[in-house]
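Below are my notes on the fold, set out as numbered points for you to compare with the coordinates.

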Amino acid sequence: MSKIRVLIADDHTLVREGIAAFLKLCEDIEVVAEASDGLEAIEKTKKFTPDIVLMDISMPKLGGLEATLELKKSNPGIKILVLTQYDDKEYISRFLKAGVSGYLLKRAVGSDLISAIRTVSRGEFYLFSSITSKVVEGYLGKDKETAMEDPYDKLTDREMQVLKLIAEGYTQKEIGDMLSISTKTVVAHQTNLSEKLGISSRAGLIKFSIQKGIIKIE
């Protein structure tokens, strides 16, 4: 029986090495490559032709969503399994729209990861159990035309990451350090956010994030 060929895309070396070491224990799964950012994930997918790409969301150079969109554009049949810490409904919705084959949270146990990989390899869809059916139903029930008119859909992957971090109270310098970009680039992203969303103030961006469910208020 041929093995399921997997590429791991995550900017944390320890995470990649840990996942790779764990998956090597499975006789039916083979890790064929690792990538530290979205651009590398695209390049190595072309080179190693994995069956499944394990895709993180927040990565330098090119984020997981933009990498997913590019991969699906060049290879519609590629199976992408999101592996992330983010369970926000807006993230889930955008990746579902992008055509991923599954969405798994990093707080999952090893058996969940193996189950997800095997499920996706069979051509089935996998969704981590803690992501409620209400979120999926809300996505599937959306009127597509209305969704297209939502200014939030105009944001790039990086702009969405910056918006979330702004809403969580991080400074521009802190955001730059977290995303491995300059403060000047963060300012540029914030300016683009304001223009696309029609919101000029930081307080307005925070309010928008709360209303969209990007951040939660306890």
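1. In this predicted model, strand β1 (residues 4-9) runs parallel to strand β2, and six bridges join the two. Within this pairing, I8 stands opposite E34 in β2. Between the two strands the chain passes through helix α1 (residues 13-23), and the resulting β-α-β crossover is right-handed.

2. Strand β2 itself spans residues 29-35 and is mostly covered, since five of its seven residues are buried. This burial should be read alongside the strand's place in the sheet, which is open and made of six strands in the order β2-β1-β3-β4-β5-β6, with parallel pairing. Both β2 and β6 (126-127) stand at the edges with a single partner strand each, so one side of each has no neighbour in the sheet.

3. Towards the β6 edge, strand β5 (residues 102-105) and β6 run parallel and are joined by two bridges. Here Y103 stands opposite L127 in β6.

4. Among the helices, α3 (residues 64-74) packs against α8 (residues 157-167) at an angle of about 160°, and their axes lie 7 Å apart. Because angles over 145 degrees count as roughly antiparallel, α3 and α8 are therefore described as roughly antiparallel to each other.

5. The contact between these two helices brings G64, L65 and E66 of α3 together with D157, R158 and M160 of α8. Sorted by class, the residues in the contact of α3 with α8 comprise three charged, two nonpolar and one polar.

Notes
Residues are numbered from 1 along each chain as its sequence is written. This is a predicted model: local features need pLDDT of at least 70, side-chain atom pairs count only at pLDDT 80 or more; totals for chains, interfaces and linings use all residues. Side-chain values use heavy atoms; hydrogens and water are left out. Buried means under 20% relative accessible area, exposed over 50%, partly exposed in between (1.4 Å probe, protein chains only). Helices (H or I, at least four residues) and strands (E, at least two) are DSSP runs, numbered from the N terminus. Two strands pair if DSSP finds at least two bridges between them. A crossover is right-handed if, with the strands pointing away from the viewer, the path from the first strand over the helix to the second runs clockwise. Axes are lines fitted to C-alpha atoms, for helices over the stretch in contact, and angles run from 0 to 180 degrees between N-to-C directions. Angles under 35 degrees count as roughly parallel, over 145 as roughly antiparallel, 65 to 115 as roughly perpendicular and the rest as oblique. Contact means heavy atoms within 4.5 Å. Ala, Val, Leu, Ile, Met, Phe, Trp, Tyr, Cys and Pro count as nonpolar, Asp, Glu, Lys and Arg as charged, and the others, Gly among them, as polar.
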